Amino acid sequence: MTFPEADVPPALRTQVAELQDEAWPPDAPSAPGTVTHDPALQPVSMLLVDGAMVLAALDILSKQFVHGGESYRAAGLSTVVTRGTARGQGHGRRLVAAAHEAMAAMDLDLGLFTCDRPLQPFYESAGWHQLPGAVLLGGTPSSPFPSDRPGFDKVTMADFFSPRGRRHRAAFPHSRIELYPGEIDKLW
């Protein structure tokens, strides 16, 4: 199921918040029904649902950015989560692969995001590719949040969807990519 984040039905939104709290325990539980992303990033939620139960969820965030003097339309994965009791059954991979297909059908030049290094093979199995040596600069220009900051062990994953994106693919490995998604979604 795919919805703009703000339009996810309340019962499903509550389950997604519970899954996110399970995966990334907050100091206080998320208030059910809250949106988690900056609306300027046009968040779209994708859910894998069995009956009334959310098995896995993720969000796709989008924005324009400039790299090497060229403007690109990009989207990335955020808050990818699978219900703890449903892990190891391929649900997350199925949803991430569906998101890859959905993003390829959008008017995007590329898909781009970071993940923890141990998750690289998982994302590769769903169609994504590592951008060797690439660092995403998150946050804002005045308050950057780089993916290579101390204590992080992130890799940058990508795929190039448009002919223009594919032509400029070589500009991205071993570079610092000024994505700057803002203060709410420091890195998507």
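What follows is a walk through the fold, from the whole chain to its sheets, helices and internal spaces. The model is predicted.

Start with the chain as a whole. It holds four helices and ten strands. From the N terminus on, the elements run β-α-β-β-β-α-β-α-β-β-β-β-α-β. The radius of gyration is 16 Å, close to the 16 Å that the globule rule gives for 188 residues, so the chain is as compact as a globular protein of that length. Along the principal axes, the C-alpha atoms fill a box of roughly 45 × 30 × 30 Å.

Now take the seven-stranded sheet. It is open, with mixed pairing, and its strand order is β1-β2-β3-β4-β5-β9-β6. The edges are β1 (2-4) and β6 (129-130). Each has a single partner strand, so one side of each is left without a neighbour in the sheet. Strands of a sheet pair through backbone hydrogen bonds, either parallel or antiparallel.

Follow this sheet from the β1 edge. β1 and β2 run antiparallel and are joined by three bridges. One residue pair to look for is P4 with its bridge partner V44 in β2. V44 also has a bridge partner in β3, namely I60. V44 thus links to P4 and to I60. β2 and β3 pair over seven bridges, again in the antiparallel sense. These two strands form a hairpin, with two residues between them. In the turn, G51 has a positive phi of about 65 degrees.

Go next to the β6 edge. There β6 pairs with β9 (residues 154-160) over two bridges, in the antiparallel sense. Q130 has M157 of β9 as its bridge partner.

Two helices lie across this sheet. α1 lies across β1, β2 (44-50), β3 (53-67) and β4. Its angle to β3 is about 80 degrees. α2 lies across β2, β3, β4, β5 and β9. α2 runs at about 35 degrees to β3. Both helices therefore lie across β2, β3 and β4, as the two lists of strands show, with contact meaning heavy atoms within 4.5 Å.

Turn to the three-stranded sheet. It is open too, with the order β8-β7-β10 and mixed pairing. β8 (143-146) and β10 (176-178) are the edge strands, and each pairs on one side only. Neighbouring strands in this sheet are turned by 30 degrees against each other on average, direction ignored. β7 (residues 135-140) runs parallel to β10, and three bridges join the two strands. L136 has I177 of β10 as its bridge partner.

The internal spaces come next. Which elements line the largest pocket? The space in this pocket is about 960 Å³. Its lining has 34 residues, and W24, S78, T79, V80 and Y123 lie nearest its centre. Two or more lining residues come from each of α1 (10-23), β4 (70-82), α2 (91-105), β5 (110-116) and α3 (120-125). β4 gives the most, with six residues. By class, the lining divides into 16 nonpolar, twelve polar and six charged residues.

The cavity is a separate matter. A search of the whole structure finds one cavity of 30 Å³ or more. The largest cavity has a volume of about 130 Å³. It is lined by 13 residues, and E5, R13, V16, Q20 and S45 are the closest to its centre. α1, β2 and β3 each supply at least two residues of this lining. The largest share comes from α1, with four residues. Six of the lining residues are nonpolar, four are polar and three are charged.

Finally, put the pieces together. α1 lies across strands of the seven-stranded sheet. α1 also gives residues to the lining of the largest pocket and supplies the largest share of the cavity lining. β2 and β3, the hairpin strands, each supply at least two residues to that cavity lining. β4 gives the most to the pocket lining, and α1 and α2 both lie across β4.

Technical notes. Residues are numbered from 1 along each chain as its sequence is written. This is a predicted model: local features need pLDDT of at least 70, side-chain atom pairs count only at pLDDT 80 or more; totals for chains, interfaces and linings use all residues. Side-chain values use heavy atoms; hydrogens and water are left out. On a 1 Å grid over the protein atoms alone, a cavity is a set of points where a 1.4 Å probe fits but cannot get out, and a pocket is an open set with protein on both sides within 12 Å along at least five of seven lines; lining residues have an atom within 4 Å of a point. Grid points are joined across faces, edges and corners, and a volume is the space filled by probe spheres set on the points. Ala, Val, Leu, Ile, Met, Phe, Trp, Tyr, Cys and Pro count as nonpolar, Asp, Glu, Lys and Arg as charged, and the others, Gly among them, as polar. Two strands pair if DSSP finds at least two bridges between them. Axes are lines fitted to C-alpha atoms, for helices over the stretch in contact, and angles run from 0 to 180 degrees between N-to-C directions. The radius of gyration is taken over C-alpha atoms; the globule rule is 2.2 Å times the number of residues to the power 0.38.
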